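Student: Please walk me through this model from the beginning.

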Amino acid sequence: MNVPVVVDHTSSGKQHFEVLDGLRGSAAFLIVIFHVFNYSFGFRGPFALVHHAYLAVDFFFALSGFVVAYAYDDQWTRMSVLQFFRIRLIRLHPLVLMGATLGLLGYLFDPFSKATNHTDAKMLLLAFVTSLLLLPSPPVGGRHNESQALNGPAWSLMQEYLGNIAYALILRRLRALTLAIIFGLSGLLLIWTANAKGSLDGGWDYPKIWMAALRLTVSFVMGLWLYRVHDRIRMRKIGPLLLSIVLAVCFQMPVFPKVGEYSLNGLYDAACGLFLFPLIILCGAHSGAGPGMIRLCKFSGHLSYPLYITHIPFVYVLAGYSWTRHPSLNVKLTMISLLIPFVVFVAWLVLKYYDEPVRSW
């Protein structure tokens, strides 16, 4: 029996891309898996899962470009730049504040990392204030040169802000061909960078912070361009489950070796960002799903941002426990199996009882 396809619409009559929302949720969950397992096992061994899940950030940037263009390209005759900034600030910043606060609390009260979580009170206060403002924070003890020391994943939100500013001031005015040229030229630089560095895992840390702007430019501009041309491209209708499996397989691929002057691992990362992710987004934009799957896509899409921005303080606690207490494999896996649903539940609480009420207010 054929399952009826549900096509959701916004109040203005636009089709809502629920499958893309579901894919955002899948990518956020895979990021959690990546952090939980790799921080607990020191990025080594058979339990260092989804080695390439840092590419989820590039996928997020591309989705953001696509969705921003969809939501606002036709609104500029009745919307000012300041109104656009206000809308985006309300959408994004409440969770930035929550993530920074949870990060500070986790840093102060982590019972297993007292030796490494040691920073002068004034420097820690400065790190908290810069985190609240989503500015690069001063390094603090135990955080490995992270540009967002108290809430590491927030580095990509800082790039999201820069992408939105660039869109409002410049990119929205550009034609699809111009966007394609920018995407192509920056893509070539991305290929060179990925080959030289051996991966695209950079931008979150001060030594490679310059990679953040490159990854944002390539993927965000690509997302804008994809929205401008997606109606001209015919793609197969592939459901969110299969597309999520493709993402999971992409992230789970092994770390590839270097062959001569070529880093197969870096070139693989670049190929995912430049070719695979655009195909996934186009397939998702042209796909529908049954009523049950649509509800799941909505739920995971709503949960994706709070899950992404709130989970890392709890991961640090588990990592500190693993590093200092050296638990057995069974104990460690038990703790991981408890932590994953816990951070999902925390994200749901934050969504329902903080983010949605604050944004509504």
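**Loops, helices and salt bridges**

Tutor: His326 is exposed, with a relative accessible area of 61%. Exposed means over 50%, buried under 20%, and partly exposed in between (1.4 Å probe, protein chains only). Please note that this is a predicted model, in which local features need pLDDT of at least 70 and side-chain atom pairs count only at pLDDT 80 or more, while totals for chains, interfaces and linings use all residues. Residues are numbered from 1 along each chain as its sequence is written, and side-chain values use heavy atoms, with hydrogens and water left out.

Student: Where is His326 placed?

Tutor: His326 sits in the loop between helix 11 and helix 12. Helices are DSSP runs of H or I with at least four residues, numbered from the N terminus. The phi of His326 is near 50 degrees, a positive value in a residue other than glycine.

Student: What is notable about that sign?

Tutor: Most residues other than glycine have a negative phi. Asn145 also has a positive phi, of about 60 degrees, although it is not a glycine. Asn145 belongs to the loop between helix 4 (121-132) and helix 5 (154-169), and at 42% relative accessibility it counts as partly exposed.

Student: Which residues does Asp205 touch, leaving out those up to four places away in sequence?

Tutor: Asp205 touches Asn145, Glu146 and Ser147, where contact means heavy atoms within 4.5 Å. Asp205 itself lies in the loop between helix 6 (176-197) and helix 7 (210-229). Asp205 is buried yet has no salt bridge, and Lys208, the nearest side chain of opposite charge, is 4.5 Å away. A salt bridge requires a side-chain nitrogen of Lys or Arg within 4 Å of a carboxyl oxygen of Asp or Glu. As for charge, Lys and Arg count as positive and Asp and Glu as negative, whereas His and the chain ends are not counted.

Student: How many salt bridges does the structure hold?

Tutor: The structure holds five salt bridges. One of them joins the side chains of Arg24 and Asp21 at 3.0 Å, N to O. Both residues lie in helix 1, three residues apart, about one turn of the helix, and both Arg24 and Asp21 are buried.

Student: Why would a spacing of three places suit such a pair?

Tutor: An α-helix has 3.6 residues a turn, so residues three or four places apart point the same way.

Student: Which parts does the bridge between Asp58 and Arg215 tie together?

Tutor: The side chains of Asp58 and Arg215 meet at 2.6 Å, N to O. Asp58 is in helix 2 (residues 56-72) and Arg215 in helix 7, so the pair ties together parts 157 residues apart in sequence. Both Asp58 and Arg215 are buried.
Asp73 forms a salt bridge with Arg228, with the closest N and O atoms 2.7 Å apart. That pair links Asp73, in the loop between helix 2 and helix 3, to Arg228 in helix 7, 155 residues apart. Asp73 is partly exposed, with a relative accessible area of 25%.

Student: Changing topic, where does helix 12 bend?

Tutor: Helix 12 bends by about 40 degrees at Leu351; the bend is the angle between axes fitted to the seven residues ending there and the seven starting there. The buried residues of helix 12, among them Leu351 and Tyr354, pack against helix 1 (18-41), helix 3 (81-109), helix 10 (291-310) and helix 11 (312-325).

Student: How many residues of helix 1 are buried?

Tutor: Helix 1 is mostly covered, with 23 of its 24 residues buried. Helix 1 is followed by Gly42, whose phi is positive, near 65 degrees.

Conventions:
Helix = DSSP H or I, 4+ residues; strand = E, 2+ residues; numbered from the N terminus.
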